[in-house]
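Open your viewer and get ready for a short walk through a protein chain. We will begin with the whole chain and then look at one pair of helices.

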Amino acid sequence: LYLQTLGRRRVSPDEQADFVRVMLDDVERLDQLINHLLDAARLDKTVIDTEVVDVELAEVLKECAHTVCVRYRVPTSVVELDVSPITIRARRVDLDLIFRNILDNAVKYASDEPQVEVSLRRINDKQCATRISDNGKGIPLNLRRKIFGRFFRMGDELMREKPGMGLGLHIVHTLVRRLGGRVRVRGRFDGPGTVFEVILPADEVPSQKEIAQAKKAEVA
């Protein structure tokens, strides 16, 4: 419609700028829609062992946070990171999908002045926990299980202000379970908002002393 309008009549420079902005937003929305559909279709694909590598989870979280902030045109300071170096054995693309989708929702559904906090800590020598909290309206208790269903979206379709298909959290839940982890959601204790917690297997990283001893053993 906007392209047809530009082709059929003369519009002011300000109107042209508005048209271009709307069209770019729609192209970005459609691009995300297509990618979500493709990601959902790939969930049944068998994982090849050679695709599984050691991935530094803290770096994944930093990159996902930056990407989401750029997409929503907000300062990178909106996402506050408090992460420790932890190595995960997984496909990098799976971790990207998990945390980009959660962070995307956190920023998209946050308040008018979004504030998102991300923490990464080791629970024990076999597991780590990533917590992502926002300052949005929160998710009602009776819907916290349903949000991971395919195509599920909260609220009246006519009243929704945020675009989406309800596939993001389904992808998150499926991939986390495939990695042998679990994801859960709860409300914030200090005000409105939502906290997502992703628990994943993470072997204890050897100390520098252990690495040095291993290298000596190899030389010997």
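Start with the whole chain selected: of its 220 residues, 36% are buried (under 20% relative accessible area, with a 1.4 Å probe and protein chains only). What you see is a predicted model, where local features need pLDDT of at least 70, side-chain atom pairs count only at pLDDT 80 or more, and totals for chains, interfaces and linings use all residues. Residues are numbered from 1 along each chain as its sequence is written, and side-chain values use heavy atoms, leaving out hydrogens and water.

Now switch on a surface. The chain exposes about 13900 Å², and carbon and sulfur atoms supply 53% of that area (Shrake-Rupley method, 1.4 Å probe).

Next, try a cartoon view. There are 6 helices and 7 strands (DSSP runs: H or I of at least four residues for helices, E of at least two for strands, numbered from the N terminus). Follow them from the N terminus and you meet α-α-β-α-β-β-α-β-β-α-β-β-α.

Select residues 92-108, helix H4, and residues 168-178, helix H5: their axes come within 9 Å and cross at roughly 140° (lines fitted to C-alpha atoms over the stretch in contact, with angles from 0 to 180 degrees between N-to-C directions). That makes H4 oblique to H5 (not under 35 degrees, over 145 or from 65 to 115).

Finally, show side chains. In H4, Asp 94, Leu 97, Ile 98, Asn 101, Ile 102 and Asn 105 meet Gly 168, Leu 169, Ile 171, Val 172, Leu 175 and Val 176 of H5 (heavy atoms within 4.5 Å). This contact of H4 with H5 has 8 nonpolar, 3 polar and 1 charged residues, with Gly counted among the polar ones.

Conventions: Buried < 20%, exposed > 50% of the residue type's maximum accessible area, 1.4 Å probe, protein only.
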